[in-house]
Amino acid sequence: MVMEIVCPAGTPASLRAAVTAGAHTIYCGFADETNARNFPGLNFDRSEMHEGIAFAHARGAKVLVAINTFPRAGDEALWHRAVADAESCGADAVILADLGLLDHAARHHPGLRRHLSVQAAASNADALNFYADTFGVKRVVLPRVLSVPEIAAINAETDVETEVFVYGGLCVMAEGRCSLSSYATGRSPNMNGVCSPASHVEYHDEGGVLDARLGGYTIHRVGKDQPAPYPTLCKGCFSAGDKTGHLFEDPVSLNAEQLIPQLQKAGVTALKIEGRQRSRSYVAQVVRNFRAAVDALDAGLPMPEGMLARLSEGQAMTTGAYKKTWR
Amino acid sequence: MSPPPGQIPQFPAVLATAFRAAPLAPLSLSLTMFSRGIARRHPALFRRLGEYSHTRFVLDPTDLPFVIVLDPNGGAPRVTLMRGQGDGAARIAGPLAALLGLVHGAFDGDALFFSRDLVVEGDTSAALALRNAIDDSELDLSEEITRYCGPMKGPLQKFFTRIEHYSGVSLTRAEEGLAW
């Protein structure tokens with residue numbers, strides 16, 4: 001069976017590009033704080049979501065709606081409305097992270113399939129089984145801190161489908177618990193749907209030297225002709241004592257394309273591509289690349305060589321924790 | 001698209017020099033009328049700008065001797081060509097071919113940023129909103145131009161396609177995923 005490619009769409013145009021390029025499934029979100037890519041000019045209003053889902057369904061693709069931030073006390077209605085609207089728009093599933101919201105969805109929308117977001121950071125079989133038994137979760141997106149053998153160990157002890165990231169921005173912290181962005185800006189992916197919000201980012205290019213500041217703090221400086229990274233603290237370059245370097249992680253993108261056969265053997269159902277903030281050009285290119293890879297795997301052919309370096313943060317790629325030896 | 005990845009075509013320096021003495025006022029007026037036609041046909045572009053639909057943007061084609069100041073003006077855009085830095089809340093700078101490639105969905109904005117082909121300064125949030133709104137609008141500037149050309153539409157469209165092929169500059173909406 002062909003592994004499922006789950007692709008991002010930040011706009012209706014990207015959704016159409018993903019479907020046209022061969023995505024099996026697209027994930028997207030409403031234009032508010034209920035999803036973890038709440039960036040200016042991105043996401044879907046209700047009528048766009050309805051039309052996007054109809055477009056995908058007409059071409060045999062599924063649409064998952066990410067409602068994967070954590071509701072603020074007193075404001076739960078916004079998140080509850082998002083779940084109800086996802087169902088009425090015809091979503092194939094919702095991707096949730098918060099326990100309360102999972103409970104709400106299970107009670108009030110029992111016919112709506114529930115996936116667990118990576119933001120819930122469920123990283124062992126007991127956690128997956130708890131979400132499945134308690135809230136009827138059918139699929140879990142695993143955090144990007146697990147090795148392939150650890151993923152295989154999880155799948156051996158659960159019937160819940162697992163989905164793993166194979167390409168795109170690499171979140172190296174405990175997802176759903178990272179507060180780095182909050183420290184610098186007061187806003188976080190967990191509560192507001194924005195890591196390093198653009199409203200707090202400033203770039204200064206002087207003589208080809210690019211400074212990136214987040215909330216007033218300089219987090220990296222790159223010389224002329226050096227690739228630029230995203231302005232996230234986890235990829236920042238810091239000086240301490242007489243040493244300067246990337247404290248948490250180098251500015252690179254995850255690319256686990258060549259590990260797809262191993263991930264399939266480890267029992268993974270679906271392969272997720274990060275990048276709802278990216279353009280339709282990115283979506284189409286990455287989808288074609290990964291669709292070709294899973295089709296080749298299904299046909300017993302070798303993995304094709306990808307051409308994704310230029311699309312990668314810092315123009316560099318890593319297999320992340322999947323093959324990390326220091327762990 | 002013919003340019004190899006990582007190499008954005010530059011506007012020919014000789015032709016760029018010709019713009020040094022060109023009167024910018026009539027060009028600005030023409031571009032304002034042109035952009036208002038686009039606004040009428042693509043109202044979603046301005047809706048998607050949201051709170052930035054009255055923000056002035058400086059678009060700086062670094063291989064041309066002027067900047068383009070775009071004021072979306074809530075859906076009745078004004079375009080002004082200026083020599084010098086221009087004045088706006090956000091500045092997006094790069095070779096003309098990079099800016100056109102973004103409009104046509106041939107290039108990914110983040111990838112151009114990573115490779116340093118694109119520079120963003122000022123209000124990053126506004127710049128992001130503009131980029132996302134334009135990407136979603138699936139514009140085809142050659143189509144927008146030729147719609148006013150009556151019987152010349154077909155030949156002119158072919159002319160644009162040919163120039164695009166030889167120059168490597170994106171002049172029409174990209175086929176999804178073929179060019180980046």
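A salt bridge is taken here as a side-chain nitrogen of Lys or Arg within 4 Å of a carboxyl oxygen of Asp or Glu. In this predicted model, salt bridges link A:E4, A:R113, A:R139, A:E161, A:E163 and A:K272 into a network. Over all chains, the count comes to 27 salt bridges.

One pair of the network was examined further. A:E163 and A:K272 meet through their side chains, at 3.4 Å from N to O. A:E163 belongs to strand β7 (residues 161-169) of chain A, and A:K272 to strand β14 (residues 270-273) of chain A, so the salt bridge ties together parts that are 109 residues apart in sequence. Both A:E163 and A:K272 are buried.

A second salt bridge of chain A lies within a helix. A:D295 pairs with A:R291, and their closest N and O atoms are 3.2 Å apart. The two residues are four apart in helix α9 of chain A, which means a separation of about one helical turn. An α-helix has 3.6 residues a turn, so residues three or four places apart point the same way. Both partners have intermediate accessibility. A:D295 is partly exposed, with a relative accessible area of 32%. A:R291 is also partly exposed, at 26%.

In chain B, a salt bridge joins B:E144 to B:R41, with the closest N and O atoms 2.6 Å apart. B:E144 lies in helix α7 of chain B, whereas B:R41 lies in helix α2 of chain B, so this pair connects parts that are 103 residues apart in sequence. Accessibility was compared for the two partners. B:E144 is buried, with a relative accessible area of 3%. B:R41 has a relative accessibility of 29% and counts as partly exposed.

Helix α2 of chain B was then considered as a whole. The helix covers residues 24-41 and has 18 residues. At 1.5 Å a residue, the expected span is 26 Å; the end C-alpha atoms are 26 Å apart, so the two values agree. The buried residues of α2(B) are B:L24, B:S28, B:T32, B:F34, B:S35, B:G37, B:I38 and B:A39. These buried residues pack against three elements of chain B: α3 (43-49), β3 (78-82) and α7 (141-146). Helix α7 of chain B thus recurs, because B:E144 of α7 is the salt-bridge partner of B:R41 in α2.

The interface of the two chains was examined next. In chain A, 49 residues are in contact with 40 residues of chain B. About 3400 Å² is buried between chain A and chain B, and carbon and sulfur atoms give 50% of this area. Five salt bridges cross the interface. A:R278 forms a salt bridge with B:D110, the closest N and O atoms being 3.5 Å apart. Polar contacts across the interface involve 20 residue pairs, with both residues at pLDDT 80 or more.

On the side of chain A that touches chain B, at least two residues each come from α1 (12-21), β8 (201-206), β9 (209-214) and α9 (280-298) of chain A. The largest share, six residues, comes from α9(A). By class, this side of chain A has 21 nonpolar, 17 polar and eleven charged residues. Helix α9 of chain A therefore appears in two settings: A:D295 and A:R291 lie in this helix, about one helical turn apart, and α9(A) also supplies the largest share of the side of chain A that touches chain B.

Definitions and conventions. Residues are numbered from 1 along each chain as its sequence is written. Chains are lettered from A and ligands numbered from 1 in the order in which they are written. This is a predicted model: local features need pLDDT of at least 70, side-chain atom pairs count only at pLDDT 80 or more; totals for chains, interfaces and linings use all residues. Side-chain values use heavy atoms; hydrogens and water are left out. The expected span of a helix is 1.5 Å times one less than its number of residues. Buried means under 20% relative accessible area, exposed over 50%, partly exposed in between (1.4 Å probe, protein chains only). Contact means heavy atoms within 4.5 Å. Buried area is the accessible area (1.4 Å probe) that two parts lose on being put together, summed over both. A polar contact is a pair of N or O atoms within 3.5 Å; within protein, one must be able to donate a hydrogen and the other to accept it, and residues adjacent in sequence count only if both atoms are side-chain atoms. Ala, Val, Leu, Ile, Met, Phe, Trp, Tyr, Cys and Pro count as nonpolar, Asp, Glu, Lys and Arg as charged, and the others, Gly among them, as polar.
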